[in-house]
Amino acid sequence: KSRHIYAFQLQQFYFFFNTASIPSKTAVYTNDPVAGNNNRNRIMSNSTADSRSVAAVAVAAHEIGHVMQNKEGYGPYRVRTALVPVVNFGSRLAMPLVLIGILLDSYVRTANPDTGFYVAMLGVVLYGGSFLFSLVTLPVELDASRRAGDMLLAAGVISEDELPAAKKVLSAAALTYLASLLTSFVYFLRFLMYVLSVFGKRDRQ
């Protein structure tokens, strides 16, 4: 019996969303504001929907976990959703503000000699929005994985013997978001140190 049938059983168990299949290798959660979509459909790839593996059904359950978060108004999920437009806006302005700050500091005389520095630091803060977004995303993903494990057992999709394998898949997914968090933090620190070094050279001169 194909696992995609079990996926549809899960949908009936959590009746507030619909599922369709698309011909791609990855799953797409269309209710996620990051994807720029606000409908309540959950689109799964054919490779996920048709697979007989525990891994595929764990991925499907994880995405259903996000739908449950949205339905219940889960706090971190709502915060992440609210951050999306802010982070997108900030990421576009970050680098221009830093460049404007450097130009102001180098070529424009103002009443406050630190104006350029403050403008550049505003750009750094906006750049740090991606780190904040990753920080908020981590508990959202961990909670979705926890819900997925409980859901799979409650719906009878997997047995107790299969649960460890499903949890390994869900844990591996969570680790990717942890890696993303650490990476964004490193990039933020690198960007901050670069801006500070530019203005530090100015002070020494």
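Here are some questions and answers about the predicted model above.

Reader: Which element has the highest confidence in the chain, and which the lowest?
Author: This is a predicted model: local features need pLDDT of at least 70, side-chain atom pairs count only at pLDDT 80 or more, and totals for chains, interfaces and linings use all residues. Residues are numbered from 1 along each chain as its sequence is written, and side-chain values use heavy atoms, with hydrogens and water left out. The chain averages a pLDDT (the predictor's confidence in each residue, from 0 to 100) of 76, and 71% of the residues score at least 70. Confidence is lowest in strand 1 (residues 18-22), at a mean of 43, and highest, at 91, in helix 5.

Reader: Over which residues does pLDDT stay under 50?
Author: Where pLDDT is low, the predicted coordinates should not be read in detail. The model does have 71 contacts (heavy atoms within 4.5 Å) beyond four places in sequence for the stretch in question, residues 13-40.

Reader: Why do the buried residues of helix 5 line one face?
Author: Helices (H or I, at least four residues) and strands (E, at least two) are DSSP runs, numbered from the N terminus. In helix 5, the buried residues (under 20% relative accessible area; exposed is over 50%, partly exposed in between, with a 1.4 Å probe and protein chains only) are Gly 116, Val 119, Ala 120, Gly 123 and Val 124. Seen down the helix axis, they line one face because they fall within an arc (taken from the directions from the axis to the C-beta atoms) of 150°.

Reader: How far apart are the end C-alpha atoms of helix 5?
Author: Helix 5 has 13 residues, 115-127, so at 1.5 Å a residue it should span 18 Å. That expected span is 1.5 Å times one less than the number of residues. The model agrees, with the end C-alpha atoms 19 Å apart.

Reader: Which helix gives the most residues to the largest nonpolar core?
Author: A nonpolar core is a set of buried Ala, Val, Leu, Ile, Met, Phe, Trp, Tyr and Cys residues joined through side-chain atoms within 4.5 Å. The largest has 14 residues, and those touching the most other members include Val 57, Met 151 and Ala 166. Two or more residues come from each of helix 3, helix 6 (129-154) and helix 7 (163-204). The top contributor, with 6 residues, is helix 3.

Reader: Is Glu 72 buried or exposed, given its salt bridge with Arg 147?
Author: A salt bridge is a side-chain nitrogen of Lys or Arg within 4 Å of a carboxyl oxygen of Asp or Glu, and here the closest N and O atoms are 3.0 Å apart. The pair links distant parts of the chain, with Glu 72 in helix 3 and Arg 147 in helix 6, 75 residues apart. Arg 147 is buried, at a relative accessible area of 9%. Glu 72, at 51% relative accessibility, counts as exposed.

Reader: Which residues do salt bridges that share partners join into one network?
Author: Asp 143 pairs with Arg 146 (2.8 Å, N to O), and these two are separated by about one helical turn because they are 3 residues apart in helix 6. Asp 143 also meets Arg 147 in a salt bridge, at 2.5 Å, N to O. Salt bridges that share partners join these into one network: Glu 72, Asp 143, Arg 146, Arg 147 and Asp 150.
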